[in-house]
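Visitor: I should like to go through this structure and ask, for each term applied to it, what justifies that term. May we begin once the structure is in view?

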Amino acid sequence: MAVFAYLSSAVLSGFDKYKYSAIDTSPVSNYICHPFWNVCVKFVPLWVAPNLLTFSGFLLLLLSFAVMTYYDPHFYASCRDHPDHPPIPNWVWLMGAINNFMSHTLDGIDGKQARRTKSSSPLGELFDHGLDSWATLFLPVAVFCIFGRGEHGVDVYRVFLCVVGIQFCFVISHWEKYNTGVLFLPWGYDIGQIAMTLVYLITYCGGYEIWKFRFPVVGFSPAEVFEISLYFGMLGLTFPFTFHNVYKAYKNKTGKMLSFPEAMRPLVSTLVLLSLMIHWSLISSINIVQAQPRLYYWTVGTAFSHIACHLIIAQMSSTRCELVNQSLLPLFTIVAMIQFMSLGDTEIYLLWAYCIYITIKHILFGIGVVKEMCEHFNIQAFSIPKVSV
């Protein structure tokens, strides 16, 4: 038995009744990705656990993030107007392309491997979507690492807003499922992953300077076009469909028919988190996002994932979602201190402190939840019984 129980008996009982329900209408997914993944999964041995595929894909993205952080902690390596910062070695872009492609593929075949080995379980979906919530920060940060700051680049604060936008898109998809019982898979995910791999490969072949130009007529740089496309994906391909699906479920009485306060409850923690982080960035006496961009991104990404995982557990177990996550209390205290005191460089130490706190808390939470679910379902996280063909 776990020393500290993360999952109540009501949640575990809800998992016993859970059935996965998802709808994917993306042409890219249905006509390109899934046929390719159906071929790929046949090469995976039957003894390989689906969760091992999921976790391996996440580790590949984490590796790319770590290597790029080492070579370019402040996004100056791809700036021609900062020659004192050496460019990122070209092999890093090839590694990024391979890791991104493999991660996307592994994320696409893990569910197929689960059905193939008859090892599907609520743990697999929670594991998959929980790691996806953490990975929301990797794509925009990696892309803008290629473009850099300065000339033909994008300011790190605007990158932060892109990260916030992608995270909100992720959470409203699970808010949608919390209210409708169905996960409508967003179109932008597969398109973004394929585009990311291509951008990596182009950068490897042509170097980061290949992106240092502006499109005629409109005058936008590739970095700005990518930024605009992200917002177009959010506003055009995600939000309208999500709100329409929720409206339709309530109109047709096929959803959970919650009251308005209860329906909106799952969004509160995320909105509080993002509001606090945005407010911190605006009132900072040292311009904290400019001073420590990657640390700031990692902190908001990890805190977001911690909150999103609680929502995913609630919607899968059909239990009431928490209103405000406890991990926000230290952040609220820090932002309140910065609001009323000019702390200077002390802000960086406070950011480090909260980053370490939320990272450790989230990892321990993840390990605890996986252990409890494994005990409840009498399964192993990274191994499966031998499958008879």
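Visitor: In which helix does His-174 lie, and why is His-174 called buried or exposed?

Guide: In this predicted model, His-174 lies in helix H7, residues 156-180. Its relative accessibility is 4%, and buried means under 20%; His-174 therefore counts as buried.

Visitor: What makes the pairing of the side chains of His-174 and Gln-315 a polar contact?

Guide: The distance between the two side chains is 3.1 Å, and the cut-off for a pair of N or O atoms is 3.5 Å. The pair of His-174 and Gln-315 therefore qualifies as a polar contact.

Visitor: Which residues does His-174 touch, not counting residues up to four places away in sequence?

Guide: His-174 touches His-129, Leu-183, Leu-311, Ile-312 and Gln-315.

Visitor: Asn-179 is also found in helix H7. Why is Asn-179 called buried or exposed?

Guide: The relative accessible area of Asn-179 is 0%, and the limit for a buried residue is under 20%, so Asn-179 is buried. With neighbours within four places in sequence left aside, its contacts are Val-246, Tyr-250, Gly-255, Lys-256, Leu-258 and Ala-263.

Visitor: Why can helix H6 be described as largely enclosed by the rest of the structure?

Guide: Helix H6 comprises residues 138-147, and 10 of the 10 are buried, so the description follows. The buried residues are Phe-138, Leu-139, Pro-140, Val-141, Ala-142, Val-143, Phe-144, Cys-145, Ile-146 and Phe-147. Just after H6, Gly-148 takes a positive phi of about 75°.

Visitor: Which residues does Phe-226 contact, leaving aside its neighbours within four places in sequence?

Guide: Phe-226, placed in helix H9, is in contact with Leu-139, Val-143, Phe-144 and Phe-147. These four are listed among the buried residues of H6.

Visitor: Why is Phe-226 itself called buried or exposed?

Guide: Its relative accessibility is 13%, against a limit of under 20% for buried residues; Phe-226 therefore counts as buried.

Visitor: What makes the phi of Val-217 worth remarking on?

Guide: Most residues other than glycine have a negative phi. Val-217 is not a glycine, yet has a positive phi of about 70°. The residue is placed in the loop between helix H8 (188-206) and helix H9 (222-251).

Visitor: Is Val-217 buried or exposed, and why?

Guide: Exposed means over 50% relative accessible area. At 88%, Val-217 therefore counts as exposed.

Visitor: What is the phi of Met-257, and why is Met-257 called partly exposed?

Guide: The phi of Met-257 is near 55°, a positive value in a residue other than glycine. Met-257 is found in the loop between H9 and helix H10 (260-264). Its relative accessibility is 36%, and the partly exposed class lies between 20% and 50%, so Met-257 counts as partly exposed.

Visitor: How do you know that residues 156-175 are a transmembrane region?

Guide: That term comes from an unreviewed UniProt entry, where the annotation "transmembrane region" covers residues 156-175 and 228-247, among others. Such annotations may be inferred rather than shown by experiment. In the model, the chain over residues 156-175 is 100% helix and 0% strand, with end C-alpha atoms 28 Å apart. Over residues 228-247 the chain is likewise 100% helix and 0% strand, and the end C-alpha atoms are 27 Å apart.

Visitor: How many cavities of 30 Å³ or more does a search of the whole structure find, and what makes such a space a cavity rather than a pocket?

Guide: The search finds 1 cavity. A 1.4 Å probe fits in a cavity but cannot get out, whereas a pocket is open. About 30 Å³ of space lies in the largest cavity, and its lining consists of Pro-266, Ser-269, Ile-307, His-310, Leu-311, Cys-321 and Glu-322. Helix H13 provides the largest share of that lining, 3 residues.

Visitor: What is the make-up of the lining of the second largest pocket by class?

Guide: The lining has 18 nonpolar, 3 polar and 1 charged residues. The space in this pocket is about 540 Å³. Of its 22 lining residues, the closest to the centre are Phe-127, Leu-131, Gly-366, Ile-367 and Val-370. The largest share of the lining, 8 residues, comes from H15.

Methods. Residues are numbered from 1 along each chain as its sequence is written. This is a predicted model: local features need pLDDT of at least 70, side-chain atom pairs count only at pLDDT 80 or more; totals for chains, interfaces and linings use all residues. Side-chain values use heavy atoms; hydrogens and water are left out. On a 1 Å grid over the protein atoms alone, a cavity is a set of points where a 1.4 Å probe fits but cannot get out, and a pocket is an open set with protein on both sides within 12 Å along at least five of seven lines; lining residues have an atom within 4 Å of a point. Grid points are joined across faces, edges and corners, and a volume is the space filled by probe spheres set on the points. Helices (H or I, at least four residues) and strands (E, at least two) are DSSP runs, numbered from the N terminus. Ala, Val, Leu, Ile, Met, Phe, Trp, Tyr, Cys and Pro count as nonpolar, Asp, Glu, Lys and Arg as charged, and the others, Gly among them, as polar. Buried means under 20% relative accessible area, exposed over 50%, partly exposed in between (1.4 Å probe, protein chains only). A polar contact is a pair of N or O atoms within 3.5 Å; within protein, one must be able to donate a hydrogen and the other to accept it, and residues adjacent in sequence count only if both atoms are side-chain atoms. Contact means heavy atoms within 4.5 Å.
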